[in-house]
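Colleague: I am new to this structure and would like to go through it step by step. Could we look at it together, beginning with how its strands pair?

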Amino acid sequence: MWSADPEDINAFEPHKQRSMVYTPERRTLRERLIKLGTLLGGDWQTTDDAPSLSNGRRVQEMWLYTMHVSNDHGRLGAPMVHLNSPFALDTLAFHDHMTRFVRVDQAGYTWGLLIHAKASADRANLEVLLQQKKLQPLIDPLDAHCSLDTETPRARGDTPLGNRFGKGFCLWWRRDLTECTDQVIKDNLDELKPLCDALGWTPDRDLAGLAEKAKTAALNQPSVIFQAGDSVRIRKGLLTGRRGRVETIRADGRVLVSLGPASMDFHAEDLFREG
């Protein structure tokens, strides 16, 4: 049996968020989240419990998450993020794929389903289902306490989705801290299975034909002049001037570059070799 503790949310008081001194307190919470993940079943991971690059050096929240990723996802190439994009420094893995999550912050616990704007394959399926008016019937049977964020937060029963999905899609539950138990959370997350099955990208559920588009794009790519191990410098965008090392060349011709603690994809024309 697992239940939320009022001390959980105290770990995110403003004066603690940027300080390493409070990492042991957050680590205790992280261990509790890991225990919750074990009770939920499946492969659950957590975000960092200390200030880091991925959380902007500020721990305002922690996520327990499980990503829905097809083994064939690599045939689509890596997510395309332009260097001037607000997501250029976003290194959170679960933003790239449809994710079930439990999040804790100063407001309490929230859990549900997230398709971030970067989760391009799952988002493409979402767009098709919206256009075909097949998404709303999958949402209607869910527990009445759920809420939906598209362009703006919407409570259940508000104006139907129509064809609006905004910058992301998040269907979530939040309850009083005394009601946050592993069984309540598990029951809600289990309700999402039909929705996950409909939205998650696989080769057999490629509603927007992304695999074929990626194959065509790869054939039209110019030959790549880099190879693994090359030292390179970035020539465009927010990271102009940063140095890195080539890890690999993607099937679609983009170059995966290691930039210290993180790796990012670049078009070949955005890089030049050093040495």
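Modeller: Gladly, and please keep in mind that this is a predicted model. Strand β10, residues 255–259, pairs with β11 in the antiparallel sense, and the pairing runs over five bridges.

Colleague: Which residue of β11 is the bridge partner of L256?

Modeller: The two strands form a hairpin with two residues between them, and G260 in that turn has a positive phi of about 80°. Within this antiparallel pair, the residue of β11 that bridges to L256 is D265.

Colleague: How many of the five residues of strand β11 are buried?

Modeller: Strand β11 spans residues 262–266 and is largely enclosed by the rest of the structure. For the protein as a whole, 44% of its 275 residues count as buried. In β11, the number of buried residues among the five is four.

Colleague: How far apart in space are D90 and A262, C-alpha to C-alpha?

Modeller: D90 lies in the loop between β2 (61–67) and β3 (99–105), while A262 falls within the residue range of β11, 262–266. In sequence the two are 172 residues apart, yet in space the distance from C-alpha to C-alpha is 9.7 Å.

Colleague: Is D90 buried or exposed?

Modeller: Leaving aside residues up to four places away in sequence, D90 touches H95, H116 and K118. Its relative accessible area is 17%, and the cut-off for a buried residue is under 20%. D90 is therefore buried.

Colleague: Why is helix α3 described as largely enclosed by the rest of the structure?

Modeller: Helix α3 covers residues 120–131 and reaches 16 Å from its first C-alpha to its last, close to the 16 Å expected at 1.5 Å a residue. Its buried residues include D122, R123 and N125, as well as L126, L129 and L130. The helix is largely enclosed because, of its 12 residues, the number buried is nine.

Colleague: Which residue just after α3 takes a positive phi?

Modeller: The helix itself ends at residue 131. Just after it, a positive phi of about 60° is taken by K133.

Colleague: Which backbone nitrogen does the side chain of S19 reach?

Modeller: S19 has its place in the loop between α1 (6–10) and α2 (23–40). Not counting residues up to four places away in sequence, S19 touches R26 and P51. At 3.1 Å, the side chain of S19 reaches the backbone nitrogen of V21.

Methods
Residues numbered from 1 in each chain as written. Predicted model: local features only at pLDDT ≥ 70, side-chain atom pairs only at ≥ 80, totals over all residues. Heavy atoms only, no water. Buried < 20%, exposed > 50% of the residue type's maximum accessible area, 1.4 Å probe, protein only. Contact = heavy atoms within 4.5 Å. Expected span 1.5 Å × (residues − 1). Polar contact = N/O pair within 3.5 Å; in protein donor to acceptor, adjacent residues only side chain to side chain. Pairing = 2+ DSSP bridges.
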